[in-house]
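Colleague: I am new to this structure and would like to learn how to read a few of its features. Please show me the model, then we can go through them in turn.

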Amino acid sequence: MHLVLSLAVLAASATATASSASSNASLTWGSYRPNVYFGTRSRTPETVLTGLMWHDVHEYIHYQKMRHSCEQGDELDSYAWLQHDGRSFGSQSIKDKDANVHIKTELLKSPGGDHGGDWVVRVSGTPMNESESSAIAVYFYMALAGDGNLEIVNTNGKSRGLDSVQLNGNVNGLGDFSFYMHDDENNEVPYFAEKESRRSLGDVRKTQYTAYNAKPEDTWKVKDMVLEQLLRDAQSCISKHSQNPPNPAHGFLLQSNDVTEGNVFVFQKMLKAPFQFDVAFVSKSAHPESDSLSVEAQPLLGDALTKKLETASQVFHDRFERTFHLKDKGYDERQVEFGEMMLSNMLGGVGYFHGTNIVDRSLEDWEESEPVDFLSQDSGREEGDDYFSGDDDDSDPSAPKKPQPAPKREGPSSLFSAVPSRPFFPRGFLWDEGFHELLIGAWDNDLSLEIISSWSSKIDANGWVAREQILGAESESKVPAEFQIQYAHFANPPTLLMSLLKFMERLNQAQNQVPVAASASQPDYKSSLDNEALSRLHLDDPKLAKEYLMRVYPQFKRQYFWFRRTQWGDVDNYGREGKSSEAYRWRGRSGYHTLTSGLDDYPRAMPPQGSEIHVDLISWVGSMAKALKAVATELGIEKDVKKYDKHISNIQQALDDYHWNEESQAYCDAVEVNGESTHVVHLGYLNLFPFILNIVPEDSPRIESFLDLISDPETLWTDFGLASLSKGDKFFATGENYWRGPIWMNIQYLVLKQLYHYKSLDKPYSKRAGDIYTKLRDNIVQNVFEQYERTGYTWEQYSPIDGKGQRSHPFTGWTALVLLMMAEIY
């Protein structure tokens, strides 16, 4: 069977690669730099990066507030993609009160050629307060990542600035291209800069530029380069004109020094809002017969672009309503815009990452019953790290010698993924990504499959995948050094299989709606330019779908058996009696933390010890088995189906044997105390997993206990959603208070999903489940929307006390699942 499947995988890979060429081409370029306020790159290791920067120029000191990477410390009023279709169009709003400017960035792509076609960016600004002046320096840059070259043309005699911009270049794998910049004829310079007429200074009415030859690995550090030059040039300018210093708009003008080549080019404009300019990228591959790419750029700029953007915006609105039906459900215009923002900021947060990462594999095959990591002195502290302390007794000379830490760089490799939060978590997280794909897949099935496939490629030969994907120096710059190392014996909730299972559901629904004849010919994917059609190729063609499943199934199956092999828990000792051999324990505990579980500081047994078995983890393993069973069934691999059936049955038995606590009427963790297995009771999210991952059978009387727990106002129920920890628990709202009370949207979604299922059944509890569902959904949607209206952001978590948004923002990772709650897509 393995040989047959392997040969089938190879054949499937070749066919799918050819048939999805158009889909992949539409995803070549994008806003794939979610860590910056605006930036583009291609989905290739070698590329040209673009980005936007700006700062106020009323005072010299304001250059220190240059905006570039998304930072909560910038304290912007708001920033979010308000429209984004994931493939060809996006529109973002950025409100910067300190600079008195509301910036709008719009991206539009035009297909063609072999490298993703052409695209154009429009950057515009309006004053937030029209009674106050607006004066900003705006920078747009292009930087090579990899081999290639950039060269500016037509600069002779332009020492005071450029009237037009053309930058030619090429990059391995992307061919030749040109950038063109187009200014709106109504643009004006800051009022105080108009009066400056000294010929020794640059002309603020023109575009200034500078070029750098940076180390190839440092070309992303554009802000640092520019700030260093601005300070140096401004000091020089002020020194030359010490008797009559120029205003900041002139003092900060970039000096090109007639450099025409480099691997980083920065273009600067001094502007008063309102303003507008366009930057077009034209690929030679899209116009092989053209003698002048500048001619090909004209339909992408100015008034022609305005009309195309208006059309793209309306197409997005119409498709959004067809997909989510929010107007049909009674939501008003502002709530619909809120829904569009959540989807768009999720899609605008999709990134392409490439580089090395740091992995420690020294404990990968460590087989002791209580594996220990490298730090033991901190087992009681509140601060978190990535270690499991366990018992670290070096006094026993017969004990096997523990391996020493051995972090090493691996790769380089690439990942295509959404991110939880652009300012705080701008990288791929395994725990989060499966939730992200529930929303992305509802909008663009094939984009979601592309991301899931990228993640599946990260599963190594053993079945392990790093829970944080910190690829390359730019990603590492956002992560403290002590958290960069990933450990090859640590797991993380395998949420991607939830999204793969959801694809199976969409596929079955599509096949039931639109039967496809067995003799039907393959669609002409190369000629298909419609994004909505591209978004569902694998739904409309069962052959493509099966080929995809055959490619990814072996990786996820390998991950499943890695979980079973490495995260096992002990049921033969500690006084445990039961029929099942299924039990699991998260590796990676340290003190009060179980970071590997995703629930971080949620109360567990203290101190950590090898006798623990974790109820959330066995539920995740059961969830994996159910998803893989569905795939194996679709592929006709009966041997695997029978194996998963057995595992699921044993896991259901184990939940009752080892985890059910009669007194609390909840499934709980268990740990050894005085030779007996004892339950660790801290009521909250932990106890919900057997239900919300649909492991507990539908006829179980314990479903009533689940409904009791979530609806009790003395424990988890609040007017804003379900608290993560019971209000009556001694740890509620203590310590870091991360998963000790605050409301998290990923768990709300899973609870609503299960309630929605329960209410559809003909069971004694169904009506009650429906009543709870309605009230809970209303509370969640109303509060998240109200907090967005109040603050301009969606948040990482919400207070169980007053509903206020907390911690990272904007957080349109799994918080964006609120859109699926509104649409009732589960």
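Modeller: A term is needed before we begin: a residue is called buried when its relative accessible area is under 20%. Keep in mind also that this is a predicted model.

Colleague: Why does Q229 count as buried?

Modeller: Q229 has a relative accessibility of 4%, and the cut-off is under 20%, so Q229 counts as buried. Q229 belongs to helix α3, residues 222-240. Leaving aside residues up to four places away in sequence, Q229 touches T210, Y212, L254 and Q255.

Colleague: One of those contacts is Y212. Which residue in β14 is the bridge partner of Y212?

Modeller: The partner of Y212 is V264. Strand β12, residues 208-212, is joined to β14 by five bridges, and the two run antiparallel. Strand β8, residues 136-145, also runs antiparallel to β14, with eight bridges between them. There, Y139 stands opposite Q268.

Colleague: How should I read the side chains of a strand such as β14, and are they buried or exposed?

Modeller: The general idea is that side chains in a regular strand alternate between the two faces of the sheet. In β14, V264, V266, Q268 and M270 point one way, while F265, F267, K269 and L271 point the other way. Both sets are buried. For the strand, residues 264-271, that makes eight buried residues of eight.

Colleague: Now the empty space. How many cavities of 30 Å³ or more are there?

Modeller: Again the idea first: a probe the size of a water molecule, rolled over the atoms, shows where empty space is left. Here the count is six cavities of 30 Å³ or more. The largest cavity holds about 80 Å³ of space. Its lining has 14 residues, and G30, Y32, H84, G86 and R87 lie nearest the centre. Strands β1 (29-30) and β6 (101-110) are the elements that give two or more residues to that lining. By class, the lining of the largest cavity has seven nonpolar, five polar and two charged residues.

Colleague: What lines the second largest cavity?

Modeller: The second largest cavity has about 50 Å³ of space. Its lining residues include N345, M346, R422 and P810. The classes there are four nonpolar, five polar and one charged.

Colleague: And what is the volume of the largest pocket?

Modeller: The volume of the largest pocket is about 860 Å³. It is lined by 33 residues, with F424, F425, E468, D600 and Y738 closest to the centre. The lining of this pocket divides into 16 nonpolar, six polar and eleven charged residues.

How values were computed
Residues numbered from 1 in each chain as written. Predicted model: local features only at pLDDT ≥ 70, side-chain atom pairs only at ≥ 80, totals over all residues. Heavy atoms only, no water. 1 Å grid on protein atoms, 1.4 Å probe; cavity = no way out; pocket = protein on both sides within 12 Å on 5 of 7 lines; lining within 4 Å. Points joined across faces, edges and corners; volume = space filled by probe spheres on them. Helix = DSSP H or I, 4+ residues; strand = E, 2+ residues; numbered from the N terminus. Nonpolar A, V, L, I, M, F, W, Y, C, P; charged D, E, K, R; others polar. Buried < 20%, exposed > 50% of the residue type's maximum accessible area, 1.4 Å probe, protein only. Contact = heavy atoms within 4.5 Å. Pairing = 2+ DSSP bridges.
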